Every structure is written in structure tokens, then in C-alpha cells.
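Student: I would like to go through the labels put on this protein. Please show it to me, and let us test each label against its cut-off.

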Amino acid sequence: MITTGAAQVQNKFEADADATTISIAGQAYIDGMKPLTDGVHQYGCKIITQLTAGTGRQNPIWLSSGADPIGPSDGLPNVWVPSLKHRALTADEIRTYYIDGFRKGAVVAKAAGFDGIEVHAVHEGYLLDQFAIKSMNNRTDEFGGDVEGRLRFCKEIIDAVHESCGDDFPVLMRYSVVSKMKGFNDGALPGETYKEFGRDYEDSIEVAQYLEKIGYAALDVDNGTYDSWFWPHPPVYMPEYCNLDDAAFIKKYVNIPVFCAGKMADPDVCGQAIADGRIDGVSMARILLADPQWPNKAMAGQKETIKPCIGCQIGCLGRLFQGKRMGCAINPECCAEIDYKYEVTDAPKKFFIVGGGIAGMEAALDLRKKGHTVDLYEASGELGGAFIAASSMSFKAADRRLIQWYIDECQKAVVVFHMNTPVTKELLETLDFDEIIVATGATARTLRGIPGIEDVEVISAIDALRGRKEVGQNVVVIGGGLTGIELTYDMVLSGKHVEVVEMKDSILGMDVVCAANGQMLQQIIKYYQIPVHLSASVEKFEKGKVYYSVAGEQHCIDCDTVIASVGYLPNTTLYDEIKDLYGEKIHLIGDCKTVSNLLNATWSAAELVQTF
């Protein structure tokens, strides 16, 4: 079964007054979606669509002037700016704009050929979830109080849908078993002991059973709210199958199917959970962005060929929150399939790729799809480039699987590897090729000009991650970007004491870091009580000491290891040496073109290949 994304049922709140909803679109929506649903049905597959009541306190749109921030109760704080408080929707507003919107939207969805709808959602802290959670709903009218009052919104929705579409038109519910909240904007980490502020297990049993009683056909399950956003959108730091135990818990108390979402990566684990009766099905989204062939590969028993989602969320949620089209950092074709052409060429060329990192291997694979010959030269004895160091952290098993996936696929595609072969101008003069692609990555910035630096050993983040240099028990990490904070977390997990010194007034400092990933790292820092010194300038080094100042006040940290994580510079040494010799035949991709992230590595490679 395919579930398409949430469509708004009203445009009074959370949208411009002239915004198109599913019911306003009407026949245009039907005309647009009918070819999709008919096409899906040709393959014996079911397709449903989500209809949503919206976000309530979780929407940043309320921050704009003239907005009317709504929610279930007066005084609820906005997730993004807690000082902004929301007002309670009236019962008349609920019925006029929302219930009627679901009624009309369901009629349109059915006419478009959908087999049912999924109500979005008593999950992730969205508006319906805010009504359902006791600590967010202090209403005294019919939409508050006991579970029947708090879920009256949900009951009137399903009654309206069944009245207009028939009792045989299934309505599913997207559902979070527990909220994983210690309070507003305070999420609980896996394994943390805490008092649940939102929906706890006891309340969840009552809510789930009531949803079944009023006619919901299935529960599509995960955990969390925007206050604990790393549960419903689990980043790399979350364990795989993070919601499975809670999904299995709630299944014991209902008779309708329960599906589980959240890093359901391995087909064998998923299949066993179903076979054991712990859940009835698996829901997945990001996994299919990384590799849309996941179900076919699973069905064929070829799980080792599945391209693994790594939980970076750069291309999916990260881009959406930047107002860009959704994509995937490791699958450049995602949501842009029509733009990528891989017909085998009638005029194959000989390509020479310098660098066996992710960018180089992505280019090699894409070139082989088009029938070109590829020789890839790597100066070291390993493939993966800088991603080897990044994947060495204890919580990055998926990253390690991704490197192996690229190696395996390149070997199957008959990419010719030349290992332990540094490329020089002299070597190039002896070889026959049509095009050169330089993917030599980046080099770490170094600290310079700080008094006493010559008296201490400052090691790079890459050397620390690769184990090339010994790291002591008491560590100072200079630089609070993504690499510095992830490295800090990994060392803390191994029992080290780590302090971070960052010259800016905030950590991470990357616009592309998904809010869920950043939020979890902030919670990790708080939970492990990691000292992070912001707006801090390193003044001098002494043996076993780092001196820094904040607002003119000097401080000292005793340590036995200093790690610099202060960014990278493009490695264009070879390119600069040969660019005049080869002119338009030479091309840059990845970090040696623009220092960025994994998405830049894969997308720059794939986009270049499209020009050949």
C-alpha cells in the first residue's frame, strides 16, 4: 500500500486565504490524481492519501505578522518561539473549517480513486495530537476533558467521512504511542529515565482503544512530537527500529492492524517482527527516497544490494525546511527522476577519475550506466575518502554500509580501480583518456598563529576519528560545527571527558542540518552535561592547558589532547597544476569544487555526468 503525503482540508488557518486545499481543488485534484491511482491499481497495489488538520503550535507560519496562532487551548507555547502563545479554536471553528473540510476532502479523494484515507494525525504533536494530549488540552467544552472529549475531534472526522463516503471506505490513523516529552521543547533520549509530559503508555492504551472503537481501520505508528522530533524523524544518532517495541506494545491492546515506522531498515528484521505477531506491517518513507527498489530487492532476497538511508536528513526534511524541493543526499535522482537520463551512448568515452571518495564513485557508477569506460585512481589503499573517517563513529553503521554499497556496485559495474596510485601530471601524460574528473576532496584547516601552539600537539578531527593519533581521557575540541559535535558525542560515549570551544555564539552552524538532527544533538549535550563554551576565542596553549576568553574574561581547561575541527579547504592542488593543460576536458566535483556535505558530493557528480 502506498500512502501519499498530507493535504490540508482547510485554508482558514495555517495557510493563505487563497491557498488551495483538496476540497477547493476539487475536480482539478481528481483529474490530476486519477492517472496515479489507476496506475498504482494496475499492479495490484492499494493507495491512500493523508488528510491533515494541520500543525497548531508546531507551525512557524504563526511568527509572521497578522497571523492567528490557534491550538486546542489558550496559552500553548509555539514550538519554534515559545514566547508566542496560541489561542483555543472554538467548537464552531472546528466544525466549520475542519470537520467539513475532512468530509469534502474525503469525497474528492474517493472520486480520485484512492482506496481510503489516513487522518494526519494523533502523532508527532500535530493539532489533533494536541487535542488528544492531556497536558495540552485544558478545554472545558465537549472537545476537552476525558478521552472521549479530547478525541471528539477525531470522532467527528471519521463520522463525517463515513457519512459521505460509506462505511467501507477505510480511514486509518497516524498515531504516536508515546510523546517522549519531558516538557515543552524538551525531548527524552532513548533509554533515558523521565516522567512523561505528553501521552504515556497508560493513556495510550485508552486512546488507541477508543480510536478502534469509533471506527479507525488501522494505526500507523511511531513516537514523539516536535518537542522530541528525533523520534518521529529519527536521525543517524537514533537506534534502528527505535519505535518497534512501542508499536508492539500498543498492538497488544487493539484488534486493528498496527504498522510501525522509524528506521525499519533490514527486511529480515521487519519480516520477523511481522511473522512473530509483534506488528502487522512496516511503514517507510526516507528508506524509499534512498532506494525506491527496497521492496523489490527485499522480495528477491537481495537486501545486500539495498542502498542504505543514513539518517542525515539533509536532502529530505532539511531541504523542505529551507523551502527547496525534497531530495535525498545519497540518491540524486530522488524527486527529480525525469531530469536524469541514463540511455547508453552511441559514442562512449574514456573517463579518468581522480579520487575514490563518494563523489568519485558516484560519478563512476553514473558514467557506467551510460556506457562510458571508467578508470578510477585512488592515492590510498581505501575507497570512501573523507567519509571513512565520518563513518567511523559508533553510531554510523549505516554510513559504513553505504561505503561498502558503493564499492560493491562499482565492482559489479566494472569500474576499473587503481589503488595506491597518486595521480601526477607525469602519470597523466602517459595515459589515454577523453575526460578527467577530479574528486580529490578537501584538506582540514589548521590552527595558526596562536601563542604556544608549537609546544602542544593539535590533532585533526580526521586523525582522531581514524585512530592515527592517540586521544587521551580529557579532551578539548576546538570547533563546534557538525563534525566537532558528533566527534565529541562519540568520545563521550567511550567514557572520555570532552569540552568544546566554539568562537561563534551557537553550535552546528550549518543551515542544512535538519532540525531533528540538531535538536537531538542539543539534547545529547544537555543529557551528558558536555561543556560547550560559545563566543570563545582560544588565546594560548600551554602543555596540558588551553586558555580561551569569553567577553574578555580568560578561562583555562586542563586536558591531555587538543583536537581541531575548524573546517576544510578544497584540495585543488592537482587541478591547479593541470587545468591549463586539459582545458574543457577537466572537471571538478565534490569537496574539491565546493566544501559542503554528502549531498554536494553525490549531486555534483550526478549532475556533471548528465552533461556527457
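Tutor: What follows is a set of short questions on a predicted model.

Student: Start with salt bridges. What makes K34 and D38 a salt bridge?

Tutor: The closest approach, N to O, is 2.8 Å. The cut-off is 4 Å between a Lys or Arg side-chain nitrogen and a carboxyl oxygen of Asp or Glu. K34 and D38 therefore qualify. Side chains of opposite charge can pair when their charged atoms come close.

Student: Where do K34 and D38 lie, and how many residues apart are they?

Tutor: Both belong to helix α2 (residues 27–41). They are 4 residues apart, about one turn of the helix.

Student: Why are K34 and D38 called partly exposed?

Tutor: K34 has a relative accessibility of 31%, and D38 has 34%. Buried means under 20%, exposed means over 50%, and partly exposed is in between. So K34 is partly exposed, and so is D38.

Student: How do you know that K369 and D366 form a salt bridge?

Tutor: Their closest N and O atoms are 3.6 Å apart. The limit is 4 Å, so the pair counts. K369 and D366 both lie in helix α13 (residues 358–369), 3 residues apart.

Student: Which of these terms fits D366, buried or exposed?

Tutor: Buried. D366 has 1% relative accessibility, and the cut-off for buried is under 20%. Its partner K369 is at 39%, so K369 counts as partly exposed.

Student: What makes R468 exposed?

Tutor: R468 has a relative accessible area of 52%. Exposed means over 50%, so R468 passes. R468 also meets D463 in a salt bridge, at 3.2 Å from N to O.

Student: Which residues are joined into one network by salt bridges that share partners?

Tutor: D100, R103, K104 and E163. The structure holds 38 salt bridges.

Student: On to the surface. What makes the patch with D200 negative?

Tutor: D146, E148, D200, E202 and E206 form that patch. Asp and Glu count as negative, so the patch is called negative. A patch member needs over 30% relative accessible area. D200 is at 31%, so it passes that test and counts as partly exposed. D200 sits in the loop between β9 (186–187) and α7 (201–213).

Student: Which residues form the nonpolar patch?

Tutor: L63, W80, V81, L320 and F321, with about 420 Å² of accessible area together. L320 lies in helix α12 (residues 314–321). L320 has a relative accessible area of 43%, so it is partly exposed.

Student: Now strands. How do you know that β4 pairs with β5?

Tutor: There are 2 bridges between β4 and β5 (residues 85–88). Pairing needs at least two, so β4 and β5 count as paired. They run antiparallel. P77 has K85 in β5 as its bridge partner.

Student: Why are β3 and β4 said to stand at the edges?

Tutor: The open sheet has 3 strands in the order β3-β5-β4, with mixed pairing. β3 (70–71) and β4 (76–77) each have a single partner strand, so one side of each is left without a neighbour in the sheet.

Student: What makes β10 and β11 a pair?

Tutor: Strand β10 (residues 219–222) is joined to β11 by 3 bridges. At least two are needed, so β10 and β11 pair. They run parallel. D220 stands opposite F259 in β11.

Student: Why are both faces of β11 called covered?

Tutor: V258 and C260 on one side are buried, and so are F259 and A261 on the other. Buried means under 20% relative accessible area.

Note on methods
Residues numbered from 1 in each chain as written. Predicted model: local features only at pLDDT ≥ 70, side-chain atom pairs only at ≥ 80, totals over all residues. Heavy atoms only, no water. Patch = residues over 30% accessible without salt bridge, like charges linked within 9 Å, V, L, I, M, F, W, Y side chains within 5 Å. Areas by Shrake-Rupley, 256 points an atom, 1.4 Å probe, with all protein chains shown as cover. Charge placed at Lys NZ, Arg CZ, Asp CG, Glu CD. Buried < 20%, exposed > 50% of the residue type's maximum accessible area, 1.4 Å probe, protein only.
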